[in-house]
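Visitor: Before we talk, could you put the model on the screen, so that each label can be set against its definition?

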Amino acid sequence: METGPWTLWGREYDSPLMLASGTAGFGLELMEMGMLAGVAAVVSKATTLLPRDGNVPPRIVETRYGLLNSVGLANPGVEEVLASVLPAASRLPVPLIVNVAGDTVEDYASVVERLDSSPVPVGYEINVSCPNVSAGGAAFGASPSTVEEVSRLVAAATRRPFSVKLTPNEGSMVESAAAAEEGGASAVTVCNTFLGMTVDWRTGEAPLKRGVGGYSSPALLPLTVARVHLTRRAVGIPVLASGGVGSPEDVLELLAAGATMVQVGTWLMRRPGAALELLEGVRELLDGLRGFPDGTGT
Ligand SMILES: Cc1cc2nc3c(=O)[nH]c(=O)nc-3n(C[C@H](O)[C@H](O)[C@H](O)COP(=O)(O)O)c2cc1C
């Protein structure tokens, strides 16, 4: 297990924690609040070629054990992101990875090509796995050959590194991870939200208009640990864990299972200062492993 510093794509970080896509915008609000301490890198909300209004509200529903979301990739589109969001994001004290989504396989490369005109993103996360859209979305991630094709098109469009964010909902994630590597991906993110649904048993109605949504929460941890472990054995590129973090032990478990870096999402929405709390906890636990911090072991 990496015990720090943690290295991804040639950069060294003193934290293994990234902010998961869709749970921190572009990091600007957290920066204003001085809450990016403990964060290695921010992964942005999805950016698409054209603006998207997203799904009709409600977009987030709390269930007893976790969160269901149906945001539907709401975003202002790549031109607006280039014109106003990325210039503001150049002030971020940590690197920004832009999450990219598309309606067609060609969309991904077009968005990445446009984003490459900005010096701000250090890399991309290619979201072939959103459960909340009907066109494309998870369908791309379900087929290893499509994952390979998207990866090839993106690799041809940029020299920056990119991670392909996989779906746990359809197809074989391990085969898709291998396909992403074959297509030129520089990492895989394991993984997006799990398809979930809640129903009011009194009325039989689902609060989310699409019925189903993406489920996330610390309750996902064993599901993510298993998938990180299986994917780690199948590919040589870094595995970025996403799903299930709610404590420093969870971060270390994902690293021990083979993750290079660990993303935190839902837990961050509950506790905006989560990254620093988690990092301090990770350091304490690792110091305990090594003996006392002064090295005396007494
Ligand atoms: C409100 C919300 C919005 C999200 N939006 C995106 C998105 O735009 N793109 C993406 O790849 N993942 C998105 N995700 C998935 C998260 O990045 C993360 O993979 C997932 O929540 C699992 O991690 P967690 O258990 O730590 O929350 C979103 C999750 C939530 C809760």
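**Ligand contacts and backbone labels**

Guide: An oxygen atom of the ligand is 3.0 Å from a polar backbone atom of G265. This is a predicted model, in which local features need pLDDT of at least 70 and side-chain atom pairs count only at pLDDT 80 or more, while totals for chains, interfaces and linings use all residues. Residues are numbered from 1 along each chain as its sequence is written, and side-chain values use heavy atoms, with hydrogens and water left out.

Visitor: What makes the approach of K45 to an oxygen atom of the ligand a polar contact?

Guide: A polar contact is a pair of N or O atoms within 3.5 Å, and within protein one must be able to donate a hydrogen and the other to accept it, with residues adjacent in sequence counting only if both atoms are side-chain atoms. A polar side-chain atom of K45 lies 2.9 Å from the ligand oxygen, and a backbone N or O atom of S217 lies 3.3 Å from an oxygen atom of the ligand, so both pairs meet the 3.5 Å limit.

Visitor: Why is L73 called buried or exposed?

Guide: Buried means under 20% relative accessible area, exposed over 50%, and partly exposed in between (1.4 Å probe, protein chains only). L73 has 6% relative accessibility and therefore counts as buried, whereas W9, at 23%, counts as partly exposed.

Visitor: What is said of phi at W9 and L73?

Guide: Although neither is a glycine, W9 has a positive phi of about 55 degrees and L73 one of about 60 degrees. Most residues other than glycine have a negative phi.
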